[in-house]
Amino acid sequence: MISSLQILPCLPLEHSEAEQFLWEQFRLHYGTKVSSQRLMELQERFKKERLDPLYSFFIASRGEEIVGCIALSPYDQRIPSLRLRYAEGFVGEIGRCYVKESLQRQGIGSFLFKQALQRAQEIGYETLYLHTHPFLSGGFDFWKKRGFQALFKEEGEWQTIHMERGVED
């Protein structure tokens with residue numbers, strides 16, 4: 001499986017297929033937890049990010065089939081509890097890391113992260129930030145194995161776990 005895998009930046013011609021894969025995975029993982037209004041906001045954000053030269057969206061494909069994706073973008077200061085922590089410094093955010101469920105635990109996510117990490121080094125990010133949730137099966141453990149440390153967990157419906165690691169770690 002891994003030998004036939006390609007991981008490439010998502011090119012404009014692949015954008016519609018990659019976006020379709022992304023939102024299918026998003027719905028599988030988040031279901032009804034995300035309102036239709038919030039989903040539209042996220043879709044608009046994704047479109048805007050595609051124009052940002054510091055933003056990268058990678059897809060993993062096997063032949064013509066997209067089987068995974070990951071995004072790297074500049075952290076945008078949108079989370080109030082992190083504003084002081086990331087007030088200075090060049091911080092990249094990892095997000096939208098999805099692998100087709102039937103192909104999980106075969107190294108695809110690791111390969112996607114390696115590509116995003118390499119791009120983060122090229123851009124010059126010092127720190128990588130991400131957040132995950134306990135209801136995302138295996139997410140927390142996956143990121144811990146990639147060197148991310150938990151900063152804190154927010155309670156409430158989402159139980160968001162905020163994590164970071166150095167780019168050179």
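**Close-up views: salt bridges and nonpolar cores**

**View 1. The R78–D76 salt bridge.** At 29% relative accessibility, R78 counts as partly exposed. Its partner in a salt bridge is D76, and the closest N and O atoms of the two lie 2.7 Å apart. D76 is likewise partly exposed, at 36% relative accessibility. As you explore this view and those that follow, please keep in mind that the model is predicted.

**View 2. R85 and E164, a link across the chain.** Here R85 and E164 form a salt bridge, with 2.5 Å between the closest N and O atoms. This pair links distant parts of the chain: R85 sits in the loop between β3 (65-74) and β4 (91-99), while E164 belongs to strand β7 (residues 161-166), 79 residues apart. Is each partner buried or exposed, or something in between? R85 has 45% relative accessibility and so counts as partly exposed. E164 counts as buried because its relative accessibility is 16%, and the cut-off for buried is under 20%.

**View 3. A small network around R62.** Salt bridges with shared partners join R62, E65 and K100 into one network. Within this network, E65 pairs with R62, and their closest N and O atoms are 3.0 Å apart. R62 is partly exposed, with a relative accessible area of 30%, and E65 is also partly exposed, at 27%. For the structure as a whole, the count comes to 6 salt bridges.

**View 4. The largest nonpolar core.** Now we turn from charged pairs to nonpolar side chains. The largest nonpolar core holds 23 residues, and the members touching the most others are I70, I94, F113, L128, W143 and F148. Two or more residues each come from β2 (56-62), β3, β4, α3 (108-123), β5 (127-132) and β7. Which element gives the largest share of this core? That is α3, with 7 residues. In soluble globular proteins, nonpolar side chains tend to be buried together.

**View 5. I94 and its contacts.** This view follows one of the core members that touch the most others, I94. Leaving aside residues up to four places away in sequence, I94 touches I70, A71 and L72, together with F113 and A116. The list continues with L128, Y129 and L130, and it is completed by W143 and F148.

**View 6. A second core.** Separate from the largest core is another of 18 residues. Among its members are L39, L42, F57 and C69, which make handy landmarks for finding this core in the structure.

Methods
Residues numbered from 1 in each chain as written. Predicted model: local features only at pLDDT ≥ 70, side-chain atom pairs only at ≥ 80, totals over all residues. Heavy atoms only, no water. Salt bridge = Lys/Arg side-chain N within 4 Å of Asp/Glu carboxyl O. Buried < 20%, exposed > 50% of the residue type's maximum accessible area, 1.4 Å probe, protein only. Helix = DSSP H or I, 4+ residues; strand = E, 2+ residues; numbered from the N terminus. Core = buried A, V, L, I, M, F, W, Y, C linked by side-chain atoms within 4.5 Å. Contact = heavy atoms within 4.5 Å.
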